[in-house]
Amino acid sequence: MVKISDCEHKTDSELVALSLKNQDYYYCLMKRYESPLINYIYRLSGMNRMDLEDILQEVFILTYQNLNEYNANFKFSSWIYRIAHNYTISTMRKKTNYNLSISWDEYDLEQLLQSDLNLENNVIQKIDYENLLNLINNLPLKYREVFLLRFVEGKDYQEISDILQKPIGTVGTLINRAKKMLSQKIEMDKQVQKNG
Amino acid sequence: MADISKETLKKIKEERIIPRPRWYFLSKNYFFWLMFLLTTILGSIASSMVLLLTGDVDWDIFPYLGINLPKAILISLPYLWIILLFFFLYITYYNFSRTRTGYRYRFILIFLMSLLISSLLGWGFYYYGWSEIIDRQLRTRIPGYHHLVYGRQKQWMQPERGLLSGTIMIVEPDKNLIQLKDLYSKNWAIDISQARIRGNVPLSRDLEIKILGKQMSEHDFKADEIRVSRGFQQGKRMGLKFNRLNPE
(Lines give C-alpha, C1' and ligand atoms only; values in the text may rest on other atoms or scores of the structure.)
Protein backbone atom coordinates (compact mmCIF):
# COMPACT_ATOMS: atom_id res chain seq x y z
CA MET A 1 0.00 0.00 0.00
CA VAL A 2 1.31 3.43 -0.98
CA LYS A 3 1.53 5.95 1.85
CA ILE A 4 0.17 9.48 1.48
CA SER A 5 3.61 10.79 2.44
CA ASP A 6 5.03 9.04 -0.68
CA CYS A 7 2.79 11.17 -2.88
CA GLU A 8 2.94 14.54 -1.16
CA HIS A 9 5.46 16.08 -3.53
CA LYS A 10 4.08 14.52 -6.67
CA THR A 11 1.92 16.48 -9.08
CA ASP A 12 -1.53 15.27 -10.16
CA SER A 13 -0.19 14.38 -13.61
CA GLU A 14 2.62 12.32 -12.08
CA LEU A 15 0.12 10.53 -9.86
CA VAL A 16 -2.10 9.77 -12.86
CA ALA A 17 0.87 8.22 -14.69
CA LEU A 18 1.83 6.23 -11.58
CA SER A 19 -1.79 5.11 -10.99
CA LEU A 20 -1.90 3.61 -14.46
CA LYS A 21 1.06 1.43 -13.51
CA ASN A 22 0.14 0.79 -9.89
CA GLN A 23 -3.44 1.07 -8.62
CA ASP A 24 -2.24 1.93 -5.11
CA TYR A 25 -1.08 5.37 -6.25
CA TYR A 26 -4.68 6.13 -7.15
CA TYR A 27 -5.41 6.18 -3.42
CA CYS A 28 -3.24 9.33 -3.12
CA LEU A 29 -5.16 11.05 -5.91
CA MET A 30 -8.50 10.15 -4.34
CA LYS A 31 -7.37 11.30 -0.92
CA ARG A 32 -6.24 14.63 -2.42
CA TYR A 33 -9.69 15.31 -3.92
CA GLU A 34 -11.95 13.52 -1.44
CA SER A 35 -12.76 16.51 0.71
CA PRO A 36 -13.05 19.24 -1.99
CA LEU A 37 -15.21 17.01 -4.18
CA ILE A 38 -17.59 15.89 -1.45
CA ASN A 39 -18.08 19.54 -0.47
CA TYR A 40 -18.66 20.55 -4.08
CA ILE A 41 -21.13 17.72 -4.70
CA TYR A 42 -22.97 18.66 -1.51
CA ARG A 43 -23.17 22.37 -2.39
CA LEU A 44 -24.39 21.47 -5.85
CA SER A 45 -26.92 18.79 -4.93
CA GLY A 46 -27.68 19.13 -1.22
CA MET A 47 -27.93 15.35 -0.97
CA ASN A 48 -27.58 13.46 2.30
CA ARG A 49 -24.31 12.05 3.53
CA MET A 50 -24.98 8.50 2.33
CA ASP A 51 -25.90 9.60 -1.20
CA LEU A 52 -22.88 11.90 -1.27
CA GLU A 53 -20.53 9.06 -0.42
CA ASP A 54 -22.14 6.85 -3.08
CA ILE A 55 -21.78 9.59 -5.67
CA LEU A 56 -18.18 10.27 -4.73
CA GLN A 57 -17.28 6.59 -4.95
CA GLU A 58 -18.86 6.37 -8.41
CA VAL A 59 -17.00 9.52 -9.45
CA PHE A 60 -13.68 8.03 -8.33
CA ILE A 61 -14.39 4.77 -10.16
CA LEU A 62 -15.43 6.62 -13.33
CA THR A 63 -12.31 8.74 -13.11
CA TYR A 64 -10.15 5.64 -12.72
CA GLN A 65 -11.80 3.93 -15.70
CA ASN A 66 -11.16 7.02 -17.80
CA LEU A 67 -7.64 7.81 -16.59
CA ASN A 68 -6.23 7.26 -20.08
CA GLU A 69 -8.44 10.04 -21.36
CA TYR A 70 -6.77 12.60 -19.11
CA ASN A 71 -4.68 15.07 -21.06
CA ALA A 72 -1.75 16.44 -19.08
CA ASN A 73 -2.12 19.80 -20.88
CA PHE A 74 -5.24 20.40 -18.80
CA LYS A 75 -5.57 20.71 -15.04
CA PHE A 76 -6.41 17.37 -13.44
CA SER A 77 -8.59 19.19 -10.92
CA SER A 78 -10.76 20.60 -13.73
CA TRP A 79 -11.06 17.16 -15.27
CA ILE A 80 -12.10 15.38 -12.07
CA TYR A 81 -14.46 18.24 -11.17
CA ARG A 82 -16.04 17.83 -14.61
CA ILE A 83 -16.63 14.13 -14.01
CA ALA A 84 -18.02 14.87 -10.54
CA HIS A 85 -20.22 17.66 -11.88
CA ASN A 86 -21.67 15.59 -14.74
CA TYR A 87 -22.28 12.55 -12.57
CA THR A 88 -23.93 14.64 -9.83
CA ILE A 89 -26.21 16.42 -12.29
CA SER A 90 -27.23 13.13 -13.88
CA THR A 91 -27.95 11.64 -10.42
CA MET A 92 -29.97 14.74 -9.48
CA ARG A 93 -32.05 14.32 -12.64
CA LYS A 94 -32.74 10.69 -11.81
CA LYS A 95 -33.73 11.47 -8.22
CA THR A 96 -36.99 13.34 -8.35
CA ASN A 97 -37.97 13.10 -4.72
CA TYR A 98 -35.45 15.21 -2.87
CA ASN A 99 -35.51 18.81 -1.74
CA LEU A 100 -32.58 21.12 -2.16
CA SER A 101 -31.79 22.18 1.39
CA ILE A 102 -28.14 23.03 1.74
CA SER A 103 -26.72 24.35 4.96
CA TRP A 104 -23.50 26.24 4.49
CA ASP A 105 -20.65 26.20 6.95
CA GLU A 106 -18.52 29.12 8.13
CA TYR A 107 -15.80 28.24 5.65
CA ASP A 108 -18.25 28.68 2.77
CA LEU A 109 -19.28 32.05 4.10
CA GLU A 110 -15.68 33.20 4.39
CA GLN A 111 -14.96 32.03 0.87
CA LEU A 112 -18.00 33.85 -0.39
CA LEU A 113 -17.09 37.09 1.32
CA GLN A 114 -13.45 36.94 0.22
CA SER A 115 -14.44 36.22 -3.36
CA ASP A 116 -14.76 38.85 -6.03
CA LEU A 117 -18.53 38.62 -5.86
CA ASN A 118 -18.61 42.42 -5.67
CA LEU A 119 -22.18 42.68 -4.57
CA GLU A 120 -22.61 46.06 -3.03
CA ASN A 121 -21.36 45.75 0.53
CA ASN A 122 -24.24 47.66 1.97
CA VAL A 123 -26.61 45.29 0.21
CA ILE A 124 -24.97 42.26 1.80
CA GLN A 125 -24.77 43.84 5.21
CA LYS A 126 -28.44 44.68 5.18
CA ILE A 127 -29.57 41.12 4.88
CA ASP A 128 -28.58 38.27 7.10
CA TYR A 129 -26.30 35.62 5.75
CA GLU A 130 -28.80 32.83 6.15
CA ASN A 131 -31.10 34.66 3.78
CA LEU A 132 -28.25 35.22 1.34
CA LEU A 133 -27.45 31.52 1.25
CA ASN A 134 -31.09 30.64 0.77
CA LEU A 135 -31.20 33.00 -2.17
CA ILE A 136 -28.09 31.37 -3.66
CA ASN A 137 -29.65 27.93 -3.21
CA ASN A 138 -32.71 29.15 -5.05
CA LEU A 139 -30.81 30.29 -8.13
CA PRO A 140 -31.56 28.19 -11.24
CA LEU A 141 -29.02 25.36 -11.59
CA LYS A 142 -27.16 26.84 -14.58
CA TYR A 143 -26.43 29.99 -12.54
CA ARG A 144 -25.88 28.21 -9.23
CA GLU A 145 -23.22 25.93 -10.71
CA VAL A 146 -21.12 28.79 -12.12
CA PHE A 147 -21.70 30.77 -8.95
CA LEU A 148 -20.42 27.92 -6.75
CA LEU A 149 -17.41 27.26 -8.93
CA ARG A 150 -16.42 30.91 -9.14
CA PHE A 151 -17.21 32.31 -5.71
CA VAL A 152 -17.07 29.29 -3.42
CA GLU A 153 -14.61 26.93 -5.11
CA GLY A 154 -12.53 29.91 -6.31
CA LYS A 155 -12.04 28.52 -9.83
CA ASP A 156 -10.92 30.83 -12.63
CA TYR A 157 -12.89 31.24 -15.86
CA GLN A 158 -10.73 28.77 -17.81
CA GLU A 159 -11.18 26.10 -15.13
CA ILE A 160 -14.94 26.69 -15.04
CA SER A 161 -15.01 26.47 -18.83
CA ASP A 162 -13.18 23.12 -18.67
CA ILE A 163 -15.40 21.79 -15.89
CA LEU A 164 -18.73 22.78 -17.43
CA GLN A 165 -17.50 22.31 -21.01
CA LYS A 166 -18.71 25.72 -22.04
CA PRO A 167 -16.84 28.53 -23.84
CA ILE A 168 -15.15 31.08 -21.56
CA GLY A 169 -17.38 33.85 -22.94
CA THR A 170 -20.48 31.89 -21.99
CA VAL A 171 -19.07 31.30 -18.50
CA GLY A 172 -18.52 35.06 -18.09
CA THR A 173 -22.05 35.79 -19.25
CA LEU A 174 -23.52 33.21 -16.86
CA ILE A 175 -21.52 34.60 -13.93
CA ASN A 176 -22.67 38.14 -14.65
CA ARG A 177 -26.27 37.03 -14.99
CA ALA A 178 -26.01 35.01 -11.77
CA LYS A 179 -24.68 38.07 -9.94
CA LYS A 180 -27.40 40.26 -11.38
CA MET A 181 -30.08 37.72 -10.53
CA LEU A 182 -28.77 37.41 -6.98
CA SER A 183 -28.73 41.20 -6.56
CA GLN A 184 -32.33 41.36 -7.75
CA LYS A 185 -33.34 38.59 -5.37
CA ILE A 186 -31.63 40.42 -2.50
CA GLU A 187 -33.45 43.64 -3.39
CA MET A 188 -36.78 41.81 -3.58
CA ASP A 189 -36.05 40.08 -0.27
CA LYS A 190 -35.32 43.48 1.34
CA GLN A 191 -38.59 44.86 0.00
CA VAL A 192 -40.55 41.88 1.36
CA GLN A 193 -38.92 42.31 4.79
CA LYS A 194 -39.62 46.07 4.75
CA ASN A 195 -43.27 45.58 3.87
CA GLY A 196 -43.70 42.58 6.15
CA MET B 1 -16.86 9.46 8.21
CA ALA B 2 -15.75 6.39 6.28
CA ASP B 3 -12.50 6.48 4.31
CA ILE B 4 -14.18 6.61 0.89
CA SER B 5 -10.86 6.58 -0.93
CA LYS B 6 -9.78 3.41 0.83
CA GLU B 7 -13.14 1.73 0.19
CA THR B 8 -13.06 2.77 -3.47
CA LEU B 9 -9.57 1.36 -3.97
CA LYS B 10 -10.74 -1.88 -2.34
CA LYS B 11 -13.72 -2.02 -4.70
CA ILE B 12 -11.51 -1.33 -7.72
CA LYS B 13 -9.25 -4.21 -6.74
CA GLU B 14 -12.05 -6.64 -5.81
CA GLU B 15 -14.06 -5.99 -8.95
CA ARG B 16 -10.90 -5.94 -11.08
CA ILE B 17 -11.82 -2.55 -12.56
CA ILE B 18 -9.20 -1.38 -15.03
CA PRO B 19 -8.78 1.86 -16.99
CA ARG B 20 -10.11 1.82 -20.54
CA PRO B 21 -7.27 1.66 -23.08
CA ARG B 22 -5.85 4.85 -24.55
CA TRP B 23 -6.84 3.87 -28.10
CA TYR B 24 -10.51 3.87 -27.04
CA PHE B 25 -10.38 7.58 -26.25
CA LEU B 26 -8.18 8.42 -29.22
CA SER B 27 -10.52 6.65 -31.63
CA LYS B 28 -13.50 8.40 -30.06
CA ASN B 29 -11.79 11.75 -30.64
CA TYR B 30 -10.75 10.82 -34.20
CA PHE B 31 -14.29 9.62 -34.90
CA PHE B 32 -15.68 13.08 -34.17
CA TRP B 33 -12.95 14.72 -36.28
CA LEU B 34 -13.77 12.33 -39.12
CA MET B 35 -17.49 13.09 -38.82
CA PHE B 36 -16.62 16.79 -38.72
CA LEU B 37 -14.69 16.38 -41.99
CA LEU B 38 -17.47 14.33 -43.57
CA THR B 39 -20.24 16.75 -42.65
CA THR B 40 -18.08 19.69 -43.81
CA ILE B 41 -17.79 18.00 -47.22
CA LEU B 42 -21.53 17.29 -47.29
CA GLY B 43 -22.15 20.93 -46.32
CA SER B 44 -19.82 21.98 -49.16
CA ILE B 45 -21.80 19.86 -51.62
CA ALA B 46 -25.02 21.45 -50.37
CA SER B 47 -23.49 24.90 -50.71
CA SER B 48 -22.25 24.12 -54.25
CA MET B 49 -25.77 22.96 -55.15
CA VAL B 50 -27.20 26.22 -53.80
CA LEU B 51 -24.73 28.09 -56.04
CA LEU B 52 -25.50 25.89 -59.02
CA LEU B 53 -29.26 26.09 -58.73
CA THR B 54 -29.30 29.81 -57.99
CA GLY B 55 -26.83 30.57 -60.78
CA ASP B 56 -28.65 28.18 -63.05
CA VAL B 57 -31.79 30.23 -63.09
CA ASP B 58 -32.08 32.67 -65.97
CA TRP B 59 -33.36 35.74 -64.18
CA ASP B 60 -34.10 37.64 -67.38
CA ILE B 61 -36.76 35.05 -68.23
CA PHE B 62 -39.04 35.99 -65.34
CA PRO B 63 -40.29 39.27 -66.86
CA TYR B 64 -40.93 37.26 -70.05
CA LEU B 65 -43.15 34.98 -67.93
CA GLY B 66 -44.80 37.97 -66.22
CA ILE B 67 -43.26 37.23 -62.81
CA ASN B 68 -41.87 40.08 -60.68
CA LEU B 69 -38.47 39.90 -58.92
CA PRO B 70 -39.59 39.14 -55.32
CA LYS B 71 -41.81 36.33 -56.56
CA ALA B 72 -39.03 35.13 -58.83
CA ILE B 73 -36.66 34.92 -55.83
CA LEU B 74 -39.26 33.03 -53.80
CA ILE B 75 -39.85 30.59 -56.64
CA SER B 76 -36.24 29.94 -57.48
CA LEU B 77 -34.53 29.62 -54.07
CA PRO B 78 -33.23 26.06 -53.70
CA TYR B 79 -34.97 25.43 -50.36
CA LEU B 80 -34.08 21.75 -50.21
CA TRP B 81 -30.34 22.45 -50.46
CA ILE B 82 -30.50 25.47 -48.14
CA ILE B 83 -32.18 23.29 -45.49
CA LEU B 84 -29.61 20.53 -46.07
CA LEU B 85 -26.77 23.07 -45.86
CA PHE B 86 -27.96 24.32 -42.46
CA PHE B 87 -28.58 20.77 -41.30
CA PHE B 88 -25.01 19.76 -42.18
CA LEU B 89 -23.66 22.95 -40.58
CA TYR B 90 -25.41 22.03 -37.35
CA ILE B 91 -24.10 18.44 -37.46
CA THR B 92 -20.62 19.86 -38.18
CA TYR B 93 -20.94 22.06 -35.10
CA TYR B 94 -22.09 19.09 -33.02
CA ASN B 95 -19.16 16.94 -34.13
CA PHE B 96 -16.65 19.72 -33.53
CA SER B 97 -18.05 20.46 -30.08
CA ARG B 98 -17.61 16.77 -29.18
CA THR B 99 -13.88 16.80 -29.94
CA ARG B 100 -11.49 17.16 -27.01
CA THR B 101 -11.39 20.98 -26.91
CA GLY B 102 -14.39 21.74 -29.12
CA TYR B 103 -16.45 23.00 -26.19
CA ARG B 104 -14.13 25.97 -25.80
CA TYR B 105 -15.51 27.66 -28.91
CA ARG B 106 -18.84 29.46 -29.18
CA PHE B 107 -21.60 28.04 -31.33
CA ILE B 108 -21.70 31.12 -33.57
CA LEU B 109 -17.93 31.00 -34.17
CA ILE B 110 -17.95 27.31 -35.15
CA PHE B 111 -21.09 27.83 -37.22
CA LEU B 112 -19.63 30.79 -39.15
CA MET B 113 -16.29 29.02 -39.67
CA SER B 114 -18.11 25.93 -40.98
CA LEU B 115 -20.21 28.14 -43.24
CA LEU B 116 -17.06 29.83 -44.58
CA ILE B 117 -15.28 26.50 -45.21
CA SER B 118 -18.39 24.98 -46.79
CA SER B 119 -18.88 28.05 -48.98
CA LEU B 120 -15.25 28.07 -50.16
CA LEU B 121 -15.18 24.34 -50.85
CA GLY B 122 -18.67 24.56 -52.34
CA TRP B 123 -17.49 27.28 -54.70
CA GLY B 124 -14.61 24.98 -55.68
CA PHE B 125 -17.02 22.10 -56.38
CA TYR B 126 -19.17 24.47 -58.41
CA TYR B 127 -16.24 25.95 -60.34
CA TYR B 128 -14.87 22.54 -61.33
CA GLY B 129 -18.31 21.35 -62.44
CA TRP B 130 -18.74 18.67 -59.75
CA SER B 131 -22.04 20.15 -58.58
CA GLU B 132 -23.30 19.84 -62.16
CA ILE B 133 -22.35 16.16 -62.16
CA ILE B 134 -24.09 15.60 -58.81
CA ASP B 135 -27.15 17.46 -60.08
CA ARG B 136 -27.34 15.26 -63.19
CA GLN B 137 -26.90 12.10 -61.12
CA LEU B 138 -29.64 13.13 -58.72
CA ARG B 139 -32.02 14.05 -61.53
CA THR B 140 -31.50 10.74 -63.32
CA ARG B 141 -31.26 8.42 -60.30
CA ILE B 142 -33.69 9.87 -57.79
CA PRO B 143 -37.29 9.87 -58.99
CA GLY B 144 -39.09 13.09 -58.17
CA TYR B 145 -35.90 15.01 -57.36
CA HIS B 146 -36.54 17.51 -60.17
CA HIS B 147 -39.86 18.40 -58.53
CA LEU B 148 -38.05 19.41 -55.35
CA VAL B 149 -35.71 21.93 -56.94
CA TYR B 150 -36.55 24.76 -59.29
CA GLY B 151 -33.45 25.22 -61.42
CA ARG B 152 -33.05 25.17 -65.12
CA GLN B 153 -35.17 22.11 -65.75
CA LYS B 154 -38.35 23.47 -64.19
CA GLN B 155 -37.78 26.95 -65.57
CA TRP B 156 -37.18 25.86 -69.14
CA MET B 157 -39.63 23.01 -69.42
CA GLN B 158 -42.71 25.12 -70.01
CA PRO B 159 -43.34 24.78 -73.77
CA GLU B 160 -46.85 26.11 -73.44
CA ARG B 161 -45.33 29.34 -72.09
CA GLY B 162 -42.67 29.44 -74.79
CA LEU B 163 -39.76 27.85 -72.95
CA LEU B 164 -38.11 24.60 -73.95
CA SER B 165 -34.82 22.90 -73.14
CA GLY B 166 -33.09 19.76 -74.28
CA THR B 167 -30.31 18.13 -76.27
CA ILE B 168 -29.87 18.47 -80.03
CA MET B 169 -30.19 15.09 -81.74
CA ILE B 170 -30.01 16.10 -85.40
CA VAL B 171 -29.22 19.42 -87.14
CA GLU B 172 -30.83 19.93 -90.54
CA PRO B 173 -29.46 23.29 -91.79
CA ASP B 174 -31.04 22.98 -95.25
CA LYS B 175 -34.51 22.75 -93.67
CA ASN B 176 -33.73 25.25 -90.87
CA LEU B 177 -34.73 22.53 -88.43
CA ILE B 178 -33.23 20.78 -85.46
CA GLN B 179 -34.49 17.62 -83.84
CA LEU B 180 -34.44 18.00 -80.07
CA LYS B 181 -34.93 15.60 -77.17
CA ASP B 182 -36.27 17.61 -74.24
CA LEU B 183 -35.38 17.10 -70.59
CA TYR B 184 -38.26 14.67 -70.19
CA SER B 185 -37.09 12.70 -73.31
CA LYS B 186 -39.83 13.95 -75.57
CA ASN B 187 -38.84 14.62 -79.22
CA TRP B 188 -39.43 17.99 -80.84
CA ALA B 189 -38.92 19.49 -84.30
CA ILE B 190 -37.61 23.04 -83.81
CA ASP B 191 -37.99 25.65 -86.53
CA ILE B 192 -34.87 27.82 -86.32
CA SER B 193 -35.47 29.90 -89.45
CA GLN B 194 -35.98 33.11 -87.46
CA ALA B 195 -34.00 32.20 -84.38
CA ARG B 196 -31.29 34.36 -82.88
CA ILE B 197 -28.50 32.20 -81.49
CA ARG B 198 -26.92 33.57 -78.34
CA GLY B 199 -23.27 32.78 -77.91
CA ASN B 200 -20.69 32.03 -80.51
CA VAL B 201 -21.24 28.27 -80.63
CA PRO B 202 -22.35 26.38 -83.73
CA LEU B 203 -25.39 24.17 -83.20
CA SER B 204 -24.30 20.55 -83.20
CA ARG B 205 -25.40 17.12 -82.02
CA ASP B 206 -25.40 16.55 -78.24
CA LEU B 207 -25.36 20.26 -77.52
CA GLU B 208 -27.68 21.23 -74.69
CA ILE B 209 -29.75 24.25 -75.54
CA LYS B 210 -32.54 26.41 -74.16
CA ILE B 211 -35.13 27.87 -76.51
CA LEU B 212 -37.40 30.86 -76.25
CA GLY B 213 -40.22 30.72 -78.74
CA LYS B 214 -43.69 29.37 -79.32
CA GLN B 215 -45.20 25.94 -79.23
CA MET B 216 -46.84 25.33 -82.58
CA SER B 217 -48.18 21.82 -82.02
CA GLU B 218 -47.66 18.71 -79.90
CA HIS B 219 -44.13 18.14 -81.26
CA ASP B 220 -43.37 21.39 -83.11
CA PHE B 221 -41.79 24.50 -81.68
CA LYS B 222 -40.75 27.74 -83.34
CA ALA B 223 -37.58 29.24 -81.87
CA ASP B 224 -37.08 32.99 -81.46
CA GLU B 225 -33.91 32.70 -79.41
CA ILE B 226 -31.55 29.82 -78.70
CA ARG B 227 -29.20 29.79 -75.74
CA VAL B 228 -26.46 27.28 -75.08
CA SER B 229 -26.96 25.57 -71.70
CA ARG B 230 -24.67 26.23 -68.77
CA GLY B 231 -23.41 22.65 -68.75
CA PHE B 232 -21.73 23.27 -72.06
CA GLN B 233 -20.27 26.59 -71.00
CA GLN B 234 -18.89 25.04 -67.85
CA GLY B 235 -17.36 22.28 -69.93
CA LYS B 236 -15.78 24.92 -72.09
CA ARG B 237 -14.18 26.42 -68.99
CA MET B 238 -12.74 23.03 -68.13
CA GLY B 239 -11.00 21.93 -71.33
CA LEU B 240 -11.07 18.20 -70.60
CA LYS B 241 -14.73 18.15 -69.75
CA PHE B 242 -15.58 20.04 -72.92
CA ASN B 243 -13.93 17.35 -75.03
CA ARG B 244 -15.52 14.54 -73.07
CA LEU B 245 -19.03 15.96 -73.26
CA ASN B 246 -18.77 17.14 -76.83
CA PRO B 247 -16.53 14.72 -78.69
CA GLU B 248 -17.42 16.31 -82.00
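**Exercise 1. In this predicted model, find which helix of chain A has the lowest mean pLDDT and which has the highest.**

Solution. Start with the whole chain: chain A has a mean pLDDT of 84, and 82% of its residues reach 70 or more. Now go element by element. At the bottom is helix α7 of chain A, residues 121-126, with a mean of 51. At the top is helix α10 of chain A, residues 157-164, with a mean of 96.

**Exercise 2. Describe how chain B and chain A meet: how many residues are in contact, and what area is buried?**

Solution. First, count the residues: 26 of chain B are in contact with 36 of chain A. Next, take the area. The size of an interface is often given as the accessible area lost when the parts come together. Here about 2800 Å² is buried between the two chains, and carbon and sulfur atoms give 56% of that area. Last, look for charged partners: four salt bridges cross this interface. In a salt bridge between B:Arg104 and A:Asp162, the N to O distance is 3.1 Å.

**Exercise 3. Locate the nonpolar surface patch of chain B, and decide whether B:Leu109 is buried, partly exposed or exposed.**

Solution. Begin with the patch, which covers about 1100 Å² and includes B:Tyr90, B:Phe107, B:Leu109 and B:Leu121. Two elements of chain B, α5 (79-97) and α6 (107-127), each give two or more residues to this patch. Helix α6(B) gives the most, nine residues. Now zoom in on B:Leu109, which sits in helix α6 of chain B. Its relative accessibility is 47%. Partly exposed covers the range between 20% and 50%, so B:Leu109 counts as partly exposed.

Notes:
Residues are numbered from 1 along each chain as its sequence is written. Chains are lettered from A and ligands numbered from 1 in the order in which they are written. This is a predicted model: local features need pLDDT of at least 70, side-chain atom pairs count only at pLDDT 80 or more; totals for chains, interfaces and linings use all residues. Side-chain values use heavy atoms; hydrogens and water are left out. Patches are made of residues with over 30% relative accessible area and no salt bridge: like charges are joined within 9 Å, nonpolar side chains (Val, Leu, Ile, Met, Phe, Trp, Tyr) within 5 Å. Accessible areas come from the Shrake-Rupley method with a 1.4 Å probe; for residues, only the protein chains shown count as cover. A salt bridge is a side-chain nitrogen of Lys or Arg within 4 Å of a carboxyl oxygen of Asp or Glu. Helices (H or I, at least four residues) and strands (E, at least two) are DSSP runs, numbered from the N terminus. Buried means under 20% relative accessible area, exposed over 50%, partly exposed in between (1.4 Å probe, protein chains only). pLDDT is the predictor's confidence in each residue, from 0 to 100. Contact means heavy atoms within 4.5 Å. Buried area is the accessible area (1.4 Å probe) that two parts lose on being put together, summed over both.
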